[in-house]
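The following exercises concern a predicted model. Each task is followed by a solution worked in steps.

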Amino acid sequence: MGVFFGYVLASIPYGCAFSLVAVGLVLTYRATGVFNFAFAAEAYAATVVYSELISHGVQRGWAAAIVVCVIAPVFGALLDFGLFSRIAPGNRTAKTIMALGLTVILPQIVETAVPSNPPVPPAPFFSTSFIPVWRIGGDPVFGSAICEVAGTILVLIGLVLLLRTRRFGLPIRAAVESPKLLELSGVDARWVLRFAWMISTALAAVAGVLYQVGSGATVDPQNYDLLLVVSIAAAALAGLRNLPIAALGGVLLGLAEGLVQGYVPSSSIWYPALVPSLPFLFLLVLLIFHPTLRHLEDTIDPMASIEPPPPVPAVAMRPPIVDRTIRRMRWPFLGVVVFGVILFVPADWTEALTEGAALSIVFLSITLLTGLAGQLSLAQWMFAGIGAFTTAQLAENRHWPILLAALAGALVAGVAGLVAALPALRLRGLPVALLTLCLALLGDDLLFPTSWVSNGTSGVPVPRPSSIFGIDFSSVDSEGFFVLTVVVMIAVAGIVHLLLRGTTGRALTAVHASPIGASSSGVQIRRMTILVFMLSASIAGLGGAFYAMNQQTVSQDSFVYYFGPIYLVVVVTIGATTVEGAITAGMAFALINNALMNVPQSVGGTQLHSTALTVILLSLGAFTYAKHPEGIVEYAKRRLAKTVFRAVEHNDHPLVSAEDSA
Amino acid sequence: MAGALSVSALVFQDVHAQYGPYKALNGLTASIAEGESVAILGRNGAGKSTLARVASGLVPVASGHLSVLGRSVARTAPHVLARMGVVHLPEGVGLFSGLTIEENLVLRVGGASRSARRRRLAMALGGLNDELRSRRRTKAGLLSGGQQRLVAVTAALAAEPRLLLCDEPALGLSPVAGDEVYAALGRARDLGCALVVIETRLDRIEHLCSRAIVLEKGVAVYDATSSDQGGILDALTGSRGVS
């Protein structure tokens with residue numbers, strides 16, 4: 001009993017932080033329709049500010065906490081003003097992409113600005129956080145724990161009182177259904193949503209500071225992954241609707257996590273598997289079986305028809321002469337590019353271009369799943385990892401020819417795609433994104449670190465093909481492999497292009513637009529969902545195999561889940577509806593990363609990392625997504641098509657002139 | 001203009017409006033006096049719903065002049081117009097399905113003071129029939145279409161509007177439910193509020209509205225008393241030119 005009570009006492013403070021974040025997630029989702037994946041990133045940023053304030057002269061923890069509680073809502077208001085208020089209320093994909101973009105970019109910016117992890121900060125109200133203040137039944141109660149529990153209770157009481165008011169509570173609940181309808185009731189919906197963002201960001205800040213002071217570790221963004229996942233599970237338990245259940249769920253999950261950690265011996269083979277994966281497994285079960293989550297996105301804004309329709313595709317605006325020119329010139333142009341690379345480009349840039357082509361193959365899987373089927377998957381990079389590890393193991397340990405091993409890797413990834421597709425049959429939209437995030441985290445925590453997959457941190461060597469169809473690549477290693485990767489990329493792009501334009505593409509578009517309508521038109525939704533998941537996972541697996549071949553080794557750090565959301569954001573903002581968008585995204589990521597490797601590693605004492613800078617640079621594109629949900633490439637093509645049409649035809653295209661007049 | 005009165009509740013002067021690249025109003029000119037009840041008719045895509053959306057601030061005026069209740073309001077936000085007394089019942093239901101009947105009424109009634117809000121809420125609840133009043137804590141989404149529409153109309157009337165814009169108020173309702181909705185709108189007209197009813201059925205508007213305006217491709221092509229059914233039909237079928 002004493003041991004049990006000790007575990008409970010130690011777990012409750014963690015549960016309080018989970019509870020606050022879960023309440024914040026539900027509140028933001030209910031009021032704004034945004035599932036704020038960036039909640040943990042905001043919590044981390046607030047904690048860094050808190051810690052930096054204390055280490056730079058603010059003597060009192062409570063004073064630093066007050067400053068953070070003032071800054072956080074202002075930041076929330078800015079997020080709404082600058083980003084989220086610019087998205088059409090019905091565009092849930094854009095909202096999710098924007099939140100994911102923020103999740104990616106915020107920690108990168110903070111880490112670039114504050115390169116070394118700040119030390120563990122003291123609790124706001126106890127200068128000696130880890131000296132017992134009381135003892136309950138012999139178990140110590142620390143100052144940080146009192147802060148966490150008391151802070152959570154106070155914040156939740158304040159929130160309940162606020163949400164019960166007619167002035168704030170009722171409009172916040174109405175705003176999520178239809179901000180326009182709320183405006184017609186005489187309420188300024190912009191300020192209702194802004195207020196919700198301010199509360200939400202303040203909650204994130206309070207949760208972040210309390211979580212950090214309780215954990216006693218240095219301020220590291222990776223510590224916040226667990227905070228986010230457990231809180232998502234608690235929010236899911238509440239069906240993303242019920243604030244009290246979300247709060248209670250956070251505390252209970254904190255308790256469960258603490259009891260499992262306490263009772264499962266750390267030497268047990270279950271410990272490394274069960275402890276980190278418990279919240280993911282719980283979330284997975286909830287996503288599959290919770291009835292509310294299945295119908296989460298069934299509600300449609302009754303005023304959605306007021307929003308302007310999406311822009312006309314560039315392909316519909318091009319004059320015929322441009323189409324003819326593209327058809328005639330595309331292969332000669334590609335040949336010139338490939339030979340130009342072989343003859344003139346230095347080896348390190350050829351490697352970068354090869355990486356770009358391999359990434360493009362992975363990104364084409366996003367085109368298929370997100371651009372065509374409208375499903376937001378955060379697990380594509382994990383599927384790429386499955387393809388890469390399968391290829392590496394078959395080539396290294398079974399001595400399979402590398403290209404055959406790569407095909408087998410694609411097949412195994414396809415089977416993993418089937419595993420993801422089965423629960424996704426019951427879900428649409430945000431729950432699919434959460435499900436795939438779960439799978440990606442499980443892959444990262446459970447699958448890839450095992451020695452039979454990745455051989456630990458030492459990794460598995462991956463050979464490049466030495467010859468194909470009698471052509472020997474061994475003497476021109478990087479150039480030969482570049483040509484091979486580009487050929488595979490073009491073949492995959494061709495398949496995806498045919499799918500986009502063909503019957504399957506039309507069926508998937510119909511399912512995306514209206515599952516009921518598609519079903520009544522004879523489209524077999526289950527078959528289509530399984531097909532698109534398996535095919536996209538296979539493509540990602542093939543891309544992962546070529547990525548690993550280019551790296552020539554693959555380890556557990558090669559396919560961290562974190563890059564799944566990053567790549568999704570990059571592809572969607574550059575253009576997820578066309579193969580050009582995926583290829584541009586892949587090449588842009590690899591080439592910008594390579595170019596930034598040459599920048600100084602330190603400017604004015606700030607450490608610069610090329611990957612972090614690339615992520616920041618490309619994630620900024622997410623902020624164009626609100627205005628151009630069709631993607632940057634499609635937008636540029638439309639602008640170009642207008643210019644060419646005027647130059648060639650000396651006349652206005654009817655669609656061009658209509659858009660101009662807008 | 002038929003039935004022109006001295007004070008205008010709504011004045012469109014060469015108003016253009018569009019959704020992205022698609023034009024919906026192409027130089028609409030029309031005016032509606034305070035206390036007047038006018039029907040807006042026209043084929044699908046004629047710009048009827050856009051007229052109401054522009055008047056309530058949901059769709060901005062691209063060019064031209066729009067005056068609502070004596071104030072120029074080309075780009076005024078919908079909530080400001082709502083506080084001025086403009087109530088727009090959009091096509092469909094016009095209720096928050098996730099809120100209860102009472103919460104929907106509370107949101108709609110507004111009012112500067114607590115006593116005014118209480119008075120309006122009591123009036124709104126009094127305007128509901130016994131069945132709906134007994135289900136005041138039921139979520140609006142669980143009511144039938146006709147019941148939801150009745151609640152929406154009741155809530156709109158409780159807001160004491162000066163200009164009421166109704167977009168196909170009886171769409172999809174049974175004849176009996178439609179009659180109930182129109183009876184409620186008749187009460188609004190009798191209270192002296194300017195009433196704009198967008199409708200496709202001539203028989204519905206004949207007794208409620210004194211005037212009818214026919215729209216075609218975003219402009220008014222016919223403006224007459226609502227009893228001139230022949231002329232309206234000619235305008236709707238395109239056999240009559242601009243009046």
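**Exercise 1.** Determine how helix 2 of chain A and helix 3 of chain A are oriented to each other.

*Solution.* Step one is the geometry of the axes: those of helix 2 (residues 39-55) of chain A and helix 3 (residues 61-82) of chain A come within 9 Å and cross at roughly 140°. Step two is the classification. Angles over 145 degrees count as roughly antiparallel and 65 to 115 as roughly perpendicular, with the rest above 35 degrees oblique. Helix 2 of chain A and helix 3 of chain A are therefore oblique to each other. Step three adds the handedness: the crossing of helix 2 of chain A past helix 3 of chain A is right-handed.

Step four identifies the contact. Helix 2 of chain A contributes Ala46(A), Val49(A), Tyr50(A), Leu53(A) and Ile54(A), while the residues from helix 3 of chain A include Gly61(A), Ala64(A), Val68(A) and Ile71(A). By class, the residues of this contact are eleven nonpolar, one polar and no charged.

**Exercise 2.** Decide whether Leu378(A) is buried or exposed, and describe its surroundings.

*Solution.* First, locate the residue: Leu378(A) lies in the loop between helix 15 (347-372) and helix 16 (380-397) of chain A. Next, apply the criterion, by which a residue is buried if 20 or more other C-beta atoms lie within 10 Å of its own. Leu378(A) has 27 C-beta neighbours inside 10 Å and therefore counts as buried.

Then examine its partners. Not counting residues up to four places away in sequence, Leu378(A) touches Ala433(A), Thr436(A), Leu437(A), Ala440(A), Gly564(A), Pro565(A) and Leu568(A). For one of these, Thr436(A), the C-alpha atom is separated from that of Leu378(A) by 5.2 Å, although the two residues are 58 apart along the chain.

**Exercise 3.** Characterise the fold of chain B and the side of chain B that touches chain A.

*Solution.* Begin with the secondary structure, which in chain B comprises nine helices and ten strands. The radius of gyration of chain B is 17 Å, close to the 18 Å from the globule rule for 243 residues, so chain B is as compact as a globular protein of that length. Of the 243 residues in chain B, 48% are buried. Among contacts in chain B between residues at least 6 apart in sequence, 65% join residues at least 24 apart.

Turn then to the interface, where 28 residues of chain B are in contact with 22 residues of chain A. Strand 1 (8-19), helix 2 (78-84) and helix 3 (101-109) of chain B each supply at least two residues of this side. Its composition is 14 nonpolar, ten polar and four charged residues.

Technical notes:
Residues numbered from 1 in each chain as written. Chains lettered and ligands numbered in written order. Predicted model: local features only at pLDDT ≥ 70, side-chain atom pairs only at ≥ 80, totals over all residues. Helix = DSSP H or I, 4+ residues; strand = E, 2+ residues; numbered from the N terminus. Rg over C-alpha atoms; globule rule 2.2 N^0.38 Å. Buried ≥ 20, exposed ≤ 12 C-beta atoms within 10 Å, placed from the backbone. Contact = placed C-beta atoms within 7 Å. Nonpolar A, V, L, I, M, F, W, Y, C, P; charged D, E, K, R; others polar. Axes fitted to C-alpha atoms, helices over the stretch in contact; angles between N-to-C directions. Left-handed = near helix turned anticlockwise from the far one by under 90°.
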